[in-house]
Amino acid sequence: MPDTNDARPSVHDSLRRVTELLHKHEVVESLVHRQQGPRQELVEDLVHRMHLVELRKQLESLHPADIAYILEALPLAQRLITWDLIKPEREGEILLEVSDAVRETLIAHMDQRQLVAATERLDTDEIADLAPDLPREVIQDVFRSLAPEEREQLRAAMSYPEGTVGALMDFDMISIRDDVTVEVVLRYLRRLDEMPDHTDQLFVVDRAGRLEGQLPVNTLLVTDPETAVATVMRQDSVKFSPDEKAQDAAQAFERYDLVSAPVAGIDGRLIGRVTVNAVMDYIREETDSDMLTAGGLREDEDLFASVWKSVKNRWTWLAVNLVTAFIASRVIGVFEESIAKLVALAALMPIVAGISGNSGNQTITMIVRALALGQISVVNARKLFVKEIGVSALNGVIWGGVVGLFAFLIYHSWQLGAVMTGAMVLALLLAAVMGVTIPLVMQKLGRDPALGASVMITAITDSGGFFIFLGLATVFLV
């Protein structure tokens, strides 16, 4: 039996096809503009129809997430041409899928009427996701267009801060009473046009709307219709409160293989639910954010943003890196006389700094990951610190011995080899100490542990590695 996925083009093929059509459109349009005469407008109109109609058909066949991927990969001019070809009823879904930086360019290209029309078609939780990027006037117009119940839902969704379960929650769910039979539930479900996405369980509530348990759909389908819901529902399932950290919910979804989970307030009343697609989006955004902050970027950056905007996004940690580079150069400058007397030091000192920097980055990556998973506490932090010291000490002895032997074979000096070994051990110990300390201190200060971590650890290990190696060489060799 053939795989049905083979008939559907990959997003990369779609991107290539869209790019080709845009290129043809631009080339022919450029040639038409060079022509003179009364037929120019007619020819130009035909050219527009020829390629843009084909491009519109290509876009109509794609999933909103695939269109978002294509928009992010296009330069600004081509992106806006493509965006104008998308049907208005699909714009809201696509705005949800694109990155924050690209969404900003698309929203700036749309007028208030377009934004209101695109936003009105979304669910209340989706509107809340877009709200921070939309003009205030648009949100007010959308708010007035909603039904009273939806207004309350939108107000509730926007009240929860980013990074909480409430910010991930949606209100499209099915709840049933605990005092009815399975037959009643089945009749109720048959009257629905369709079930909400990712519905793997129904939420059981009492007369006051308090959450009593969950009824899995697979259990519902195989249970005797005369059975009461209260006798087959599960009461030990995972549930969340809206103020819990989204990170904790993401870990629970991964640990227990959840598809959906209920969200209940302090009074136990069912408020909404969290679904696996929302959790996956959150994890992806957090991963992207960690990658950017670790690399010294302040925020998400449009791949085709203006030069000035990209410069502003990157210069903070470049400035920090410049300062640390000056510090490292001054450390070397202190030992200029030693380097002049023993030129081999200039060739060997980058080895110590490079290996210690790599070791420090390995340590800091492990610690940041453990902090994200909530695996580090006051109780085990000391043991973790001792363990990392031990790992670095052993690595220092092993690889320091290798480098020391290397130095001895090249420069025929056992003293130089011994200094290299000692410097390597001390530099790796410094890398371990800072690799554990930097993210822990950042978290203690309420900052992202990954924020500029690689920049800081590299700066410290460079300066520290140079100082340790050149200092030992000055004392014992020069």
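**A walk from M420 to the sheet**

Let's start at M420: setting aside neighbours within four places in sequence, this residue is in contact (heavy atoms within 4.5 Å) with L348, I351, V352, V403, G404, A407 and F469. Keep in mind that this is a predicted model, where local features need pLDDT of at least 70, side-chain atom pairs count only at pLDDT 80 or more, and totals for chains, interfaces and linings use all residues. Side-chain values use heavy atoms, leaving out hydrogens and water, and residues are numbered from 1 along each chain as its sequence is written.

M420 sits in helix α21, residues 414–444 (helices are DSSP runs of H or I with at least four residues, strands are E runs of at least two, both numbered from the N terminus). M420 is buried, at 0% relative accessible area (buried means under 20%, with a 1.4 Å probe and protein chains only).

Now for the cores. The largest nonpolar core (buried Ala, Val, Leu, Ile, Met, Phe, Trp, Tyr and Cys residues joined through side-chain atoms within 4.5 Å) has 56 residues, and L55, L71, W83 and L106 have the most contacts inside it. Helix α15, residues 246–256, gives this core its largest share, 5 residues. A second, separate core has 24 residues, including L345, A423, A427 and A473.

Finally, look at the sheet. It's an open one, with 3 strands in the order β1-β2-β3 and mixed pairing (two strands pair if DSSP finds at least two bridges between them). At the edges are β1 (175–177) and β3 (211–216), each pairing on one side only. Strand β2, residues 201–205, runs antiparallel to β3, joined by 5 bridges. L202, for instance, has L215 in β3 as its bridge partner.

Methods:
Buried means under 20% relative accessible area, exposed over 50%, partly exposed in between (1.4 Å probe, protein chains only).
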